[in-house]
Amino acid sequence: MGLLSSGPLATQLQQQASLVKQQHLAELFEQDPQRFNTMHLRLPALLLDFSKQRMTVEAWQGLYRLCDESALAPWIAKLFQGEAVNTSEKRPALHMALRSFDQPFVVNGQDLQPLVEAQLAKMETLVERIHQRQWRGFSGRAITDVVNLGVGGSDLGPMMACHALEEFRVSQAKSLRIHFASSMDGSQLAELLQRLHPETTLFILASKSFTTIDTLSNADTALRWLGQACQDEALLKRQHFIGCSAAPAKMSQWGISKDHQLEFWDWVGGRYSLWSVIGMSIALVVGMSGFRQFLKGAQWLDQHFARAPWAENAPVRMALVDVWNTNFLASQTHAILPYDGRLKYLPAYLSQLEMESNGKRADRQGQEVDYPTCPILWGEVGTNAQHAFFQLLHQGTHQVNCDFVMPVQRYQHSHWSEQTRERLQYQQRLNLANCLAQSRVLMLGNQALGNQQQVDADRHYPGNQPSTTLLIEALTPYTLGQLIALYEHKVYTSAVLWNINPFDQWGVELGKQIAKETLAAIEGQGSGFDPSTEGLLAAVRAYQETQA
């Protein structure tokens with residue numbers, strides 16, 4: 001039994017939830033017209049509006065007590081002090097050290113900052129060689145295309161950030177094309193290889209363990225493709241591959257030159273690794289200066305999380321909203337709705353960050369929890385979503401907690417003609433209007449029209465859907481760093497409140513293990529599976545025989 005399911009505080013919060021369930025959000029605003037003033041939080045370049053959440057001041061106060069009774073402050077201290085907060089694997093989670101810059105990050109008497117800086121300096125050397133067209137392929141031609149081969153955190157994070165920061169591409173990278181391939185079936189890579197040239201293509205092998213079958217399989221395919229143009233395998237591995245991993249010995253064993261190996265460490269979780277050398281592709285787009293701004297934005301958020309009191313602490317407030325909706329309002333799904341095409345991959349990235357971290361049913365003591373934990377996270381660019389699943393949000397039967405993410409300023413650059421800039425800025429105002437209107441209608445329903453007339457059931461919008469709005473002054477490398485670190489620390493806070501370990505992912509590992517046995521069966525070796533799998537294996541073999 002945990003704090004969320006039993007005891008005086010749980011009872012108090014359940015009573016508050018019962019009262020809230022009897023009220024519409026519109027009523028809460030009528031009772032307190034100052035809700036926005038009291039329930040929003042302003043940070044440099046970022047505003048978080050919690051006033052559209054189905055929460056009262058009393059609920060917030062009870063949740064702050066939950067932070068205290070869950071020992072959140074000591075758990076935050078443990079995180080930053082390098083204690084083994086990853087309890088099942090008995091190791092720390094120190095992704096914050098990757099963005100410590102000139103500030104010491106001392107763990108067990110060792111300052112990690114020089115280690116991190118050495119790898120950033122090495123990455124900068126490689127980035128500059130590529131930008132200056134000094135990196136040559138086997139035939140002596142300069143590299144024009146870079147393909148990131150990774151999966152999970154080694155793919156979703158870099159891809160999300162590269163897409164988000166495309167307009168900050170440095171001049172040296174104007175003609176450099178960055179690609180991503182992650183799928184084990186080879187479909188993404190096969191499509192790319194049809195368009196690329198072996199002489200001018202460089203591959204980044206991004207894998208923390210350097211044993212990930214998805215990535216190594218794609219790497220072998222890439223090597224075979226290069227081998228059709230050059231027979232010198234050692235030369236190909238030296239000139240056409242960069243390795244990013246926490247396993248340097250395995251990179252050397254595969255054949256990657258020491259000079260082309262970039263390292264990070266076991267204390268960096270895969271889904272937190274875009275801050276490390278796994279962010280090589282990001283640096284190729286925005287340059288090392290832009291990459292360091294990305295890190296600095298996250299560093300600011302780290303310091304805010306470590307120091308701010310609960311009522312002023314953005315990640316803590318976001319986590320409390322999740323706990324409130326999940327555990328007291330029985331909402332099991334959370335939509336991420338970025339109103340900016342540059343944040344197209346943000347929902348997918350956050351899905352991994354949150355669900356791989358907090359999709360757990362065992363607490364830190366190894367006991368099964370008796371309360372819900374992580375909600376199902378999903379989403380899409382808001383303007384696309386309006387023409388798709390917003391129908392369910394507005395008139396469906398599910399309560400869905402929503403995050404509206406909206407950069408405000410855009411198209412200020414002088415390279416646009418005045419006429420084009422004015423038109424694009426109008427489109428940005430139109431986009432802003434849609435974001436604010438959708439969150440308002442989700443809150444008020446038909447009442448947003450300003451009348452109380454009865455409407456037919458099929459035209460009724462009940463409203464009362466909870467949402468948080470995150471306004472970003474402008475999307476830059478710095479503010480993107482703030483945004484991602486905000487969600488990272490929210491995930492950690494939620495895990496503390498749920499008493500679970502957010503840093504292991506044994507469910508992922510089990511699937512990989514079983515896949516090896518199944519592959520042997522597909523290739524005709526092994527049996528003894530369940531009847532369903534045996535039936536499917538028989539069908540697969542039959543299809544293969546037909547193809548042969």
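**Strand pairing, aromatic pairs and a helix crossing**

In the predicted model, strand β12 and strand β13 (residues 467-474) run parallel and are joined by 7 bridges. Within this pairing, Gln409 stands opposite Ala474 of β13. Strand β12 is also joined to strand β10 (residues 333-338), again in parallel, through 5 bridges, and here Ala335 has Cys402 in β12 as its bridge partner. Of the 9 residues of β12 (residues 401-409), 7 are buried, so this strand is largely enclosed by the rest of the structure.

Aromatic contacts were then considered, and a search of the whole structure returned 16 aromatic pairs. One of them is formed by Phe50 and Trp60, whose ring centres are 5.7 Å apart and whose planes stand at 65 degrees; because an angle over 60 degrees counts as edge-to-face, the pair is assigned to that class. The pair links distant parts of the chain, since Phe50 belongs to the loop between β2 (46-49) and α4 (57-69), whereas Trp60 lies in helix α4, 10 residues apart. Both partners are buried, with a relative accessibility of 0% for Phe50 and of 3% for Trp60.

The rings of Phe389 and Phe390 provide another geometry, with centres 6.0 Å apart and planes at 40 degrees, so that this pair is tilted. Phe390 has 1% relative accessibility and therefore counts as buried. Phe389 and Phe390 also belong to a cluster in which ring pairs link them with Tyr339, Trp378 and Phe404.

Charged side chains are also placed over aromatic rings. The charged end of Arg317 sits over the ring of Trp60, at 4.2 Å from its centre, and Arg35 lies over the face of Phe29, 5.2 Å from the ring centre.

Trp60 and Arg317 recur in the packing of two helices, α4 and α13 (residues 314-328). The axes of these helices come within 11 Å and cross at roughly 105 degrees, a value that makes α4 roughly perpendicular to α13. On the α4 side the residues in contact are Ala59, Trp60, Leu63, Tyr64, Leu66 and Cys67, and these meet Val316, Arg317, Leu320, Val321, Val323 and Trp324 of α13. Trp60 is thus described by its edge-to-face pair with Phe50, by the charged end of Arg317 over its ring and by its place among the α4 residues that meet α13.

Technical notes. Residues numbered from 1 in each chain as written. Predicted model: local features only at pLDDT ≥ 70, side-chain atom pairs only at ≥ 80, totals over all residues. Heavy atoms only, no water. Phe/Tyr/Trp six-rings, centres within 6.5 Å; stacked < 30°, edge-to-face > 60°. Helix = DSSP H or I, 4+ residues; strand = E, 2+ residues; numbered from the N terminus. Buried < 20%, exposed > 50% of the residue type's maximum accessible area, 1.4 Å probe, protein only. Lys NZ or Arg CZ within 6 Å of the ring centre and 35° of its normal. Pairing = 2+ DSSP bridges. Axes fitted to C-alpha atoms, helices over the stretch in contact; angles between N-to-C directions. Parallel < 35°, antiparallel > 145°, perpendicular 65-115°, else oblique. Contact = heavy atoms within 4.5 Å.
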